[in-house]
Amino acid sequence: MQNSSQNNKRIAKNTMLLYLRMALLMVVSFYTSRVILKNLGISDFGLYNVVAGFITMFGFIQGSMANSIQRFISYAIRRPDEYDVETIFRASMRILIILSLAILVLAETAGCWFLYNKMTIPPGRMDAVLWVFQLSLLQLIVLFLSVPYTAIIVSYEKMGAFAYISILEAICKLAIAFLIGICTVDKLVLYAILMLTVQTLIRITYTIYCNRNISKMKIRGRCDITVARQLLGYTGWNTTSLCSEVIQVQGINILLNLFFGPLVNAARGIAMQVMGVVRNFSVNFLMAVNPQIIKSYASGDTAYTEKLVFKSSRFSFILMFCISSPIMLITDDLLKIWLVEVPPYAGDFVKLIICATIINIITDPIKTAISATGKVKYINIYISVILLMMMPLSYLFLKTGYNGRIVFILQGIANFCILFTSLVYLTKYTGISKAKYCKDVLTRILSIIIIVTLFALTMTMLLPDTTGYRALEATCILVTSIIVSFLVGMTNKEKDFIIQFIKKKL
């Protein structure tokens, strides 16, 4: 195994490439969201989010298969005596083709029935909603059949591909925003068509890159039944928790639609977009480090696995916290600048969902370490139970008169329970001490939150409540978050590494 210094450099390089990708997409995303909301209107924007989200809720299988394939391929790279990459690819493609057909049948039957009989659709928009439903279903199948290729790119740590191909994706999304503004046809249907076209183009590009620059994988040939069974078994338990997560996420979306209508769905859609952009600061780092966690465990280097889990939990938190803390202070001001018309509750939804996501991002490296062991049954059962409890609890609170904010508060509580459940199984399966994790990770995180929060409260009490002063407060909080995170959230070795890395780049 390569020494930790070389691995750290690879992680740093891949993270920088992924941040280049994220920065480009973030700028494009904020601009296009503003233009699309303006041109679609709040009602159609909310409809697209709830209907397309209803289809993509089947994407939990895509996420589960992606995690499984990445785990097996990363393991095969380090332990070729146990697994063969092409065999894993061929088995995964066969599984995904069968699953695509099954989801197609389910969506066209149960999905259409629910759409016609249960959803709150404004008069005269049912035909457009059906088009969105069908086009989103096709988009989901395209994503399904592309999963093995993107899994190979991530497992081989070819993160530059994501950065470069994102230039094409950004150009295409800008073109969508332009076309939506000038075309006179039904803008909701046109938006769905263009989104399908872009996703198909991007996924084809990833496939071509994989075949030309990593290895040309053949779909035809004998499927290894043993590998397929292992993939299905591993995927099955991952699917249990991911299915529960999607039911929770999309179920909450449907509950908000039933209780409050499309305007609140639009607010949630805006909050999810902001959360996605902020979360990407941590996700890009985790994408770079996750293959290393799996490979280090496959090599039997538990000490390095522990180091990576602790480091990635702290760094993913730091990255997201430093970005989200100033955003949460001036959320309403940013939404007014960004959007032409801000949906009701959007500001509160953004703040609450960021808080819930911060807890979730800390847990991701722990889940990766557990998945590296292959023992994913019981952890996924417990996660599923916690997530599924969200639906009846949310319904009860909404039924008794609480507003939409309560569902995000419950989500944060659920994520907190999942964090500590994951810690228990991390210790059980890998031997990594949960007490040491709490001391080295959670104590540092809690210290950062307390110090920055006290500073923020002091600033808000001392300065006037005007837009200019809030911008000043946000800037001060950003700087304070970075300084406190560096001083409190990092070990001495990590501080030295960052200082040396910056010096070399200057």
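Which residues form one aromatic cluster together with Tyr425? I would like to work towards that slowly, and I should say at the start that what we have in front of us is a predicted model.

Let me begin with the chain as a whole. Its secondary structure comes to 17 helices and 0 strands, and of its 506 residues, 53% are buried. If we take the contacts with a separation of 6 or more, 84% of them are between residues 24 or more positions apart in the sequence. As for the outside, the accessible surface comes to about 22,200 Å², and carbon and sulfur atoms account for 66% of that area.

Now to the rings. The structure holds 9 aromatic pairs, and one of them is formed by Tyr382 and Tyr425, with 5.9 Å from centre to centre and 40° between the planes, which is a tilted arrangement. This pair links distant parts of the chain, since Tyr382 belongs to helix H12, residues 377-388, while Tyr425 belongs to helix H14, residues 405-430, and the two are 43 residues apart.

Tyr425 has a second partner, Tyr429, and here the ring centres are 5.6 Å apart with the planes at 45°, so this pair is tilted as well. Unlike the previous partners, which come from two helices, Tyr425 and Tyr429 both lie in helix H14, 4 residues apart, and that is about one turn of the helix.

So the answer to my opening question is that Tyr382, Tyr425 and Tyr429 form one aromatic cluster. Are these three tyrosines buried or exposed? Tyr425 has a relative accessible area of 9% and is therefore buried, and Tyr429, at 14%, counts as buried too, whereas Tyr382, at 45% relative accessibility, counts as partly exposed.

Before I finish, I would like to point out two other places that you can look up in the structure. The first concerns a ring and a charged side chain: Arg71 lies over the face of Phe72, at 5.0 Å from the ring centre. The second is Thr480, which has its place in helix H16, residues 467-489, and which is buried, because its relative accessible area is 14% and the cut-off for buried is under 20%. What lies 2.7 Å from a polar atom of the Thr480 side chain? It is the backbone oxygen of Cys476.

To close, please keep the cluster of Tyr382, Tyr425 and Tyr429 in mind when you turn to the model yourselves.

Definitions and conventions: Residues are numbered from 1 along each chain as its sequence is written. This is a predicted model: local features need pLDDT of at least 70, side-chain atom pairs count only at pLDDT 80 or more; totals for chains, interfaces and linings use all residues. Side-chain values use heavy atoms; hydrogens and water are left out. Buried means under 20% relative accessible area, exposed over 50%, partly exposed in between (1.4 Å probe, protein chains only). Contact means heavy atoms within 4.5 Å. Accessible areas come from the Shrake-Rupley method with a 1.4 Å probe; for residues, only the protein chains shown count as cover. Rings of Phe, Tyr and Trp (its six-membered ring) pair if their centres lie within 6.5 Å; planes under 30 degrees apart count as stacked, over 60 as edge-to-face and the rest as tilted. A charge sits over a ring if NZ of Lys or CZ of Arg is within 6 Å of the ring centre and within 35 degrees of the ring normal. A polar contact is a pair of N or O atoms within 3.5 Å; within protein, one must be able to donate a hydrogen and the other to accept it, and residues adjacent in sequence count only if both atoms are side-chain atoms.
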